[in-house]
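Colleague: I'm new to reading protein models, and I'd like to go through one with you. Could you show me how to pick out its features?

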Protein chains: 4
Amino acid sequence: MSVIGFIGLGQMGAPMASNLLRQGHQLRVFDINQDAVQALAAQGAQAAMTPAHAAEGAEFVITMLPNGDLVRAVLFGEHGICESLAKDALVIDMSTIHPLQTDRLISDMAERGFSMMDVPVGRTSDHAVAGTLLLLAGGTAQQVERARPVLMAMGNELINAGGPGMGIRVKLINNYMSIALNALSAEAAVLCEALGLSFDIALQVMSGTPAGKGHFTTSWPNKVLKGDLSPAFMIDLAHKDLGIALDVANQLHVPMPLGAASREVYNQARAAGRGRQDWTAILEQVRASAGLSH
Amino acid sequence: MSVIGFIGLGQMGAPMASNLLRQGHQLRVFDINQDAVQALAAQGAQAAMTPAHAAEGAEFVITMLPNGDLVRAVLFGEHGICESLAKDALVIDMSTIHPLQTDRLISDMAERGFSMMDVPVGRTSDHAVAGTLLLLAGGTAQQVERARPVLMAMGNELINAGGPGMGIRVKLINNYMSIALNALSAEAAVLCEALGLSFDIALQVMSGTPAGKGHFTTSWPNKVLKGDLSPAFMIDLAHKDLGIALDVANQLHVPMPLGAASREVYNQARAAGRGRQDWTAILEQVRASAGLSH
Amino acid sequence: MSVIGFIGLGQMGAPMASNLLRQGHQLRVFDINQDAVQALAAQGAQAAMTPAHAAEGAEFVITMLPNGDLVRAVLFGEHGICESLAKDALVIDMSTIHPLQTDRLISDMAERGFSMMDVPVGRTSDHAVAGTLLLLAGGTAQQVERARPVLMAMGNELINAGGPGMGIRVKLINNYMSIALNALSAEAAVLCEALGLSFDIALQVMSGTPAGKGHFTTSWPNKVLKGDLSPAFMIDLAHKDLGIALDVANQLHVPMPLGAASREVYNQARAAGRGRQDWTAILEQVRASAGLSH
Amino acid sequence: MSVIGFIGLGQMGAPMASNLLRQGHQLRVFDINQDAVQALAAQGAQAAMTPAHAAEGAEFVITMLPNGDLVRAVLFGEHGICESLAKDALVIDMSTIHPLQTDRLISDMAERGFSMMDVPVGRTSDHAVAGTLLLLAGGTAQQVERARPVLMAMGNELINAGGPGMGIRVKLINNYMSIALNALSAEAAVLCEALGLSFDIALQVMSGTPAGKGHFTTSWPNKVLKGDLSPAFMIDLAHKDLGIALDVANQLHVPMPLGAASREVYNQARAAGRGRQDWTAILEQVRASAGLSH
């Protein structure tokens, strides 16, 4: 069992700390909210006066804070973690923050001789309570193995994201995709309603196609991800179908800003000469727009 | 077995007609491409000179054409189907066309005393060859049952879409969702690449979340679809995370037009006072934008 | 003075026809709305029963209709203009329709040996009444000169748009720019209000900059239009300022979909290596996206 | 003549400082770039070692820096301005930064008993050299009058933006509008090229309409700004014309992301029941989307 400093006892942090206690770890907890600190103290944690105090004598220091500026302040500010942190301790930032800020924090810590990794979590506060969070571990192989027993007290699945900063990166990609997809799904569902079509029937159909299953594991693997752009479904036809959908939506007064933006991406793909390529070639089109292809 | 007129012997129509022949139906086929007609004739179909000729004495007339203007011409034009169609025959349009055009065609046919239904298909030309298409049947219950034996010669799954015009509607929704999702997926994958993150690891994470599984069967059923907007994940936080993703993408030169459009939808949801509602409330927001809520 | 057939007596067409009468032209008018026809008849026009009737013996036939399908029907349909049109007459379509449809109409007319030009109008119905419309004349030099005296009865400014189909094209460009600009202007004005800034002061500032005067005659002529992309104001900085504006707007809950879309265009310009070019290089960026540069 | 501390001698700051010297002011200048400091020293300025040093004994301290974090560091950091600033001095921030950051800086200064105003500039570095900048003065009436003689050494037009923080706000609005308009203008110009239309003729037409002159002083003042939404040009028609333009652009492979986004704004206006209102009602639509109307 380890001595752990824990900073940030919010909706996620508090149950995560509880689970660490329950597993027998020794905790020193800090939060600006004294009620949250007292609640953990009642469970056996030691209340810390400052982040520095929480970090004293700790093997691990966990931060779970709302944004990167706070993480920076808690690390480097007055009475911050660095004032008392042992050189052989490991700081684990579990907050969801800006990935390029994570990089700078890790490198600023390294400059001072400290070791830090990023392990943001997936799932919800219910899972935090149940100790069944998804742990997205960024760090060296050694850091991940060292932290694993501590982390597994809070979650039931740990994904090694492939290196320092990669935990927060994979969290970002996942959130981006799911949050934007939510808005796109709403456009489709509202168009469905405006067309007088049963949503259940639409779901039944989409459950068997990329519309419901996504492209990553259906249309992409045997085409664009293998470099095969021969058309199973041509960009020209996809562009035509998008045009019909937008025309219908505009006649029925259903605003579809994501759909409208997507048509312009297909439009651009056609301008780039990809009209007769497979629709999965959109990936190559976006790569080219980002300056990533050769 | 039935006498069937079949108009439109393209990449999809030709194998569909072949499968009808193979099941023992008697076919009269028409296409402007004489080679396509001859190929079917060699398989036992009767070559028709005109759509009207193909429709003579037929119980069913199937159309599989590139767009709605052609369907209209083939029905109502000179030497069109209506010139010879029996009043008790059933026209089955299997083309993918504009749904509001489908409605007008069905109603124009009804005015002349003719019966017509829409049964666009899902899947690819490989499935057309194998006779394993997905059949999206729009029509009255009676029409669907009458057409079923004929349709099942071409596919292996028939979904009753719920009424006249609903087949083409569900096709449209499915295509809209999958085509736009393809572009959104490309943004996420390219951001992943620009961040130096392994796509396989991103896939591994997303395969367990709405990012990979979609929202229709994960985040929506127990929240917005039940009218529960209490936050499992707040719109304010989703908006914040989108902002981080767009900021990173703009620093790394990854254009994300769909992501940028989606942030403005969340922005609008917050302006409407939904910031502390669950992220699935985006569905209600888009419904309100479309004038569909009360 | 000329004998003129005039088809389409709506909000614009009726006063235009009145002005032709007032100038001494002899008119045969047709509309499906009999009241509109009678109103013109009361001013001295001859009421026609059909478009063909209106075109009989006319030197000019003017069409002013809501969309291109109607123009086509009035030309080529039953009792249409072509049934009675003299080979040396000139058809002038003044409707605002789809330019590619205009091209087909002109070419279909030419195939039948008829001469047709496009002269959509600018300004409002008030100007139609006053005879001060802007006339955007598409046609050969000869057609424009022949039609000029007739046209100038309806407007006070004629722009020779440079050839057949160019009248409707310049109308389209002007309308596109002004209609989209209206939405962009609203975003700026609403952000102004949300910031608590006086709109009058914002106007005062913008009246002296491209924000108020546009780019066509200010920032572009000496830079991108001359091929000079050395930076007066760098794309990187413009991109940064857009990012600030969007961040402020998102904090204040002002949805800015056009602004968000525009940032992704600058983003793409930076990905294409244009970050240190002048902001007017966005024109070259959009040309490249459209496949127009070499 | 005044004693002035000047921090930030970049492409804009250096010539601004030169002009102050030329008018007889006494300058203490600081920049991290020693070459820039030496260049000003050669013109008669006193070189300061730190921001604090530059502010010693100054009546005015001017900051002209690349971003708000630097302004904050220069004010409140170690050896920052506040260490030596006289309580009756006036700090003038002429940088272009985030307006909400400006607000915090002004209020943080006020808390310490210091007086600060925002005066970002318009126009280019050529105008900085010529002393003909546009000065956008945010501050109390008293601050503006006090700073005016100093400011007019650097520019030839001063606009009183209406209060503290309003200078930076009006700069933001102006930049937003001009930068996004640049991208929209490019879409129109490229569509023009793709249509084979002379850009000069398009310019000639647009120079007389809101497309070229903007809406602020043409279509808005007598309609939406007066509360008159009776249609001179209906939203339904504007929406239709946008649809034609986008359809043409998509046929010709001209990507128009801003145009596509704008159609969805009109679409939303129609969903909100504004289809038969004047097109300037888009302003009210966007206000409503931002939660600003009642």
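Colleague: Let's start with strands. In which sense do strand S4 (residues 60-63) of chain D and S5(D) pair, and over how many bridges?

Modeller: Keep in mind that this is a predicted model. S4(D) and S5(D) run in the parallel sense, and 4 bridges link them. You can pick out partners too: Phe60(D) has Leu90(D) as its bridge partner, and Thr63(D) sits opposite Asp93(D).

Colleague: Okay, and which way do the side chains of S5(D) point?

Modeller: Here's the general idea: along a regular strand, side chains alternate between the two faces of the sheet. Now the case here: in S5 (residues 90-93) of chain D, Leu90(D) and Ile92(D) point one way, while Val91(D) and Asp93(D) point the other way. All of them are buried.

Colleague: In what order do the strands of that open sheet in chain D come?

Modeller: The order is S3-S2-S1-S4-S5-S6, so to speak from one end to the other, with 6 strands and parallel pairing. Strand S3 (46-47) and strand S6 (115-118) of chain D are at the edges with a single partner strand each, so each has one side without a neighbour in the sheet.

Colleague: Now a helix. How many of the 8 residues of H13 in chain B are buried?

Modeller: First, the general idea: an α-helix has 3.6 residues a turn, so residues three or four places apart point the same way. In helix H13 (residues 282-289) of chain B, 6 of the 8 residues are buried, so "mostly covered" is a fair label, with buried meaning under 20% relative accessible area. Among them are Ile282(B), Leu283(B) and Val286(B).

Colleague: What covers those buried residues of H13(B)?

Modeller: The cover includes helix H8 (166-194) of chain A, helices H11 (235-251) and H12 (257-271) of chain B, and helix H12 (257-271) of chain D. Just after H13(B), look for Gly291(B), which has a positive phi of about 75°.

Colleague: Let's zoom out. How many helices and strands does chain A have?

Modeller: Chain A has 13 helices and 9 strands. Its radius of gyration is 24 Å, well over the 19 Å from the globule rule for 294 residues, so chain A is more spread out than a compact globule. The C-alpha atoms of chain A fill a box of roughly 65 × 45 × 30 Å along the principal axes.

Colleague: And what share of chain A is buried?

Modeller: Buried residues account for 63% of the 294 residues in chain A.

Methods
Residues numbered from 1 in each chain as written. Chains lettered and ligands numbered in written order. Predicted model: local features only at pLDDT ≥ 70, side-chain atom pairs only at ≥ 80, totals over all residues. Heavy atoms only, no water. Helix = DSSP H or I, 4+ residues; strand = E, 2+ residues; numbered from the N terminus. Rg over C-alpha atoms; globule rule 2.2 N^0.38 Å. Buried < 20%, exposed > 50% of the residue type's maximum accessible area, 1.4 Å probe, protein only. Pairing = 2+ DSSP bridges. Contact = heavy atoms within 4.5 Å.
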